[in-house]
Amino acid sequence: MTEKSSINYEDVVYPNFVHAQTHPNRLATMARAYGLQTAPVENCRVLEVGCGSGTNLLAMASSLPQSEFVGVDLSENHIKFGAQAAGEVGAANLKLIRADLLEVDFSDFGKFDYIIAHGFYSWIPPIVRERFLEICRAQLAENGVAFVSYNAFPGCHLRLMMREMMTYHTENIESPHEKVDQSLALLGFLKETAFEKEVYGKILENEFDKTIERTAELIIHDDLGTFNRPFYFHEFVAAAEKNDLQFLSEAEYFHEKYTGFRKEAVELLNRFGDEEIVRREQYLDFLKNRRFRQTLICHKNADIKRKVGEDFFDELKIVCDLHPDSETPDFSPHKNEKFSKAGKKGATIDHSLTKAALFYLSEIFPRSVSFDELVENSKKIVGDQLSENFEFSETDVEILKDILLKIFASDFVNFFTHEPQIASEAGEKPKADDFIRWQAKNSDTLFSRRFRTKKIEDDFSRQLLILCDGEHTREQILENFKRKISEGEITFADEKMKREFIENLPETIENQLRQAAKLGLFME
Ligand SMILES: C[S@@+](CC[C@H](N)C(=O)[O-])C[C@H]1O[C@@H](n2cnc3c(N)ncnc32)[C@H](O)[C@@H]1O
């Protein structure tokens, strides 16, 4: 049996998360980028180890009914919660197993196209880590991909320093939440009173700010748990190689990973050829003081390329929800236009075809488009504004590809191998998928099929989504709210507010449905 941590997951359950970067649609995209033909996302097998309550798998299972999902976790509470949720969502393709990874015999499970270990590898004893990599070797399909996140050095030296002080300070405290309070009190005190302000004080302040942002449950397990072992990237790769696995890429595409680096740093990194990718990535971590990695690995004999292949743009669909700041963007050459998302900095572009492409993508979001179709539509947009005879060269298409890849590193542009069923409008009988409605009932956050996360702002939005079951017409939804008001289920501070709310109700519902459709919450 695994050594038990002093605070176990039965006493304090780990929060439910959906980790977009572990979704097979993302993993398949990264695999395709580097020439690995993984199984089609709509018909694949996925294993998640240390899956917690399985919410991450549930998000996948509900939108990929032909694929099969298996989750294994040690905690009975986590698995109980997950099994109940899977029943409520009707995800018969999700199987959750309560077991210690050390004791599971996987020989009857068959191969998996995607294996996920999020928030697991650094937080388990060495023997479970070894077992996990053996499972990857034995259970990963020929062209399969495994996702492994872990705390990384050198950045995590600073986090470890805080952990060591926090655990020392709280070693005689029983209650997990009291441990958190006292840990934060210590870090707060140290940052205020540090003797040496120049370096140490700044480190303490920075680490305190990072720690206090985490919920108590995360601090309990991620910082104060029995195991927390960061790795240098090369150490992780060496452990994977011992199991005949190799580094494929990071889960998130950082094309412009040298942005902001000094010339000398770029020169150093460029000295390492593709055959020395592990060294290159390691020095990159030194330069970035990296503290967390999400690494993809595959079998050592898989034939992978180290540069994004030419066919990447032929095979994948593109999604982007950057919007032009201007209501009437100018597509003429050399005229800068800014594209951004909800106040966040996006991109400033002066290239005609790219401006038109981003404009087109924003208009069709949450739908996606193939690259060829995107080019065709973008040319038309520029032609309509400037002149039908406006000429584009092959170089323009290459520039568009290059810029799309550069912003792929952000969350603004995404490439996908699989197009999930998403409606661009709410329709007469709006239908949010079962997982969305489950989240509306059970959570404060929504995770859409388009990988967008949104806080549920109020009870009205929550109830509206629950009613979007594909059975109720918009008229019935309106009547339902009116009934709730008349029966006192929805209450108001005074009569005036109530009257105004009822008057505006049809418009409020329409607006909310439109916004929800833009997030990709509805199905056809
Ligand atoms: C930090 S939580 C991560 C949960 C989830 N993967 C996430 O990232 O949101 C680690 C999980 O690993 C599980 N775990 C730890 N040791 C395990 C073992 N030996 N076998 C199976 N699960 C284990 C714990 O029960 C816990 O749910």
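# Working chat: cores, strands and loops

Me: Start with Val413. Buried or exposed?
Reply: Val413 is buried, because 23 other C-beta atoms sit within 10 Å. Bear in mind that this is a predicted model.

Me: Which element is Val413 in?
Reply: Strand β13, residues 413-416.

Me: And what does Val413 touch?
Reply: Leaving out residues up to four places away in sequence, Val413 touches Ile318, Cys320, Leu404, Ile407 and Phe408.

Me: How far apart are the C-alpha atoms of Val413 and Ile318?
Reply: They are separated by 7.1 Å. Along the chain, the two residues are 95 apart.

Me: Now the largest nonpolar core. How many residues?
Reply: It has 118 residues. Leu58, Val145 and Ile297 have the most contacts inside it.

Me: Which helix gives the most to this core?
Reply: Helix α13, residues 352-364, with seven residues.

Me: Is there another core, and where does it lie? Which residues are in it?
Reply: Another core, of nine residues, lies apart from the largest one. Val180, Leu187, Ile219 and Ile220 are among its members.

Me: Why would nonpolar residues group like that?
Reply: In soluble globular proteins, nonpolar side chains tend to be buried together.

Me: Back to Leu58. What does Leu58 touch?
Reply: Ala85, Ala86, Val89, Ala91, Leu94 and Phe435. That count skips residues up to four places away in sequence.

Me: Ligand next. How many residues surround the ligand?
Reply: 22 residues surround it. The closest are Gly50, Gly52, Leu74, Leu101 and Gly119.

Me: What classes make up the shell around the ligand?
Reply: The shell has 12 nonpolar, eight polar and two charged residues.

Me: On to strands. Why is β5 called largely enclosed?
Reply: Because nine of its 12 residues are buried, β5 is largely enclosed by the rest of the structure.

Me: How does β4 run against β5, parallel or antiparallel?
Reply: Parallel. Five bridges join β4, residues 112-117, to β5. One bridge pairs Ile116 with Phe147 in β5.

Me: What comes after β5?
Reply: A loop leads from β5 (140-151) to α5 (156-170), and Pro154 sits in that loop. The peptide bond joining Phe153 and Pro154 is cis, with omega about 10 degrees.

Me: Where is the cis bond from Phe365, and what is its omega?
Reply: It runs from Phe365 to Pro366, with omega near 15 degrees. Pro366 is in the loop between α13 and β12 (369-370). Helix α13 is the one that gives seven residues to the largest core.

Me: What about the open sheet? Which strands, and in what order?
Reply: Three strands, in the order β9-β10-β11, with antiparallel pairing. The edge strands are β9 (323-324) and β11 (344-349), as each pairs on one side only.

Me: How many bridges join β10 to β11?
Reply: Four bridges join β10, residues 337-341, to β11. Lys341 has Lys344 as its bridge partner in β11.

Me: Which loop holds His334?
Reply: The loop between β9 and β10. Phi of His334 is positive, near 65 degrees, and the residue is not a glycine. His334 counts as exposed, because it has 7 C-beta neighbours inside 10 Å.

Me: And Asp244? What is its phi?
Reply: About 60 degrees, so to speak a positive phi in a residue that is not a glycine. Asp244 lies in the loop between α9 (233-242) and β6 (245-250). With 13 C-beta neighbours inside 10 Å, Asp244 counts as partly exposed.

Me: Helices to finish. How covered is α1?
Reply: Helix α1, residues 24-33, is mostly covered, with 10 of its 10 residues buried. The buried residues include Arg26, Leu27, Met30 and Arg32.

Me: What follows α1?
Reply: Gly35, with a positive phi near 85 degrees.

Me: And α18? How far does α18 reach?
Reply: Helix α18, residues 474-486, reaches 19 Å from its first C-alpha to its last. That is close to the 18 Å expected for its 13 residues at 1.5 Å a residue. After α18 comes Gly488, whose phi is positive, near 80 degrees.

Terms used:
Residues numbered from 1 in each chain as written. Predicted model: local features only at pLDDT ≥ 70, side-chain atom pairs only at ≥ 80, totals over all residues. Core = buried A, V, L, I, M, F, W, Y, C linked by C-beta atoms within 7 Å. Buried ≥ 20, exposed ≤ 12 C-beta atoms within 10 Å, placed from the backbone. Helix = DSSP H or I, 4+ residues; strand = E, 2+ residues; numbered from the N terminus. Contact = placed C-beta atoms within 7 Å. Expected span 1.5 Å × (residues − 1). Near = placed C-beta within 6 Å. Nonpolar A, V, L, I, M, F, W, Y, C, P; charged D, E, K, R; others polar. Pairing = 2+ DSSP bridges.
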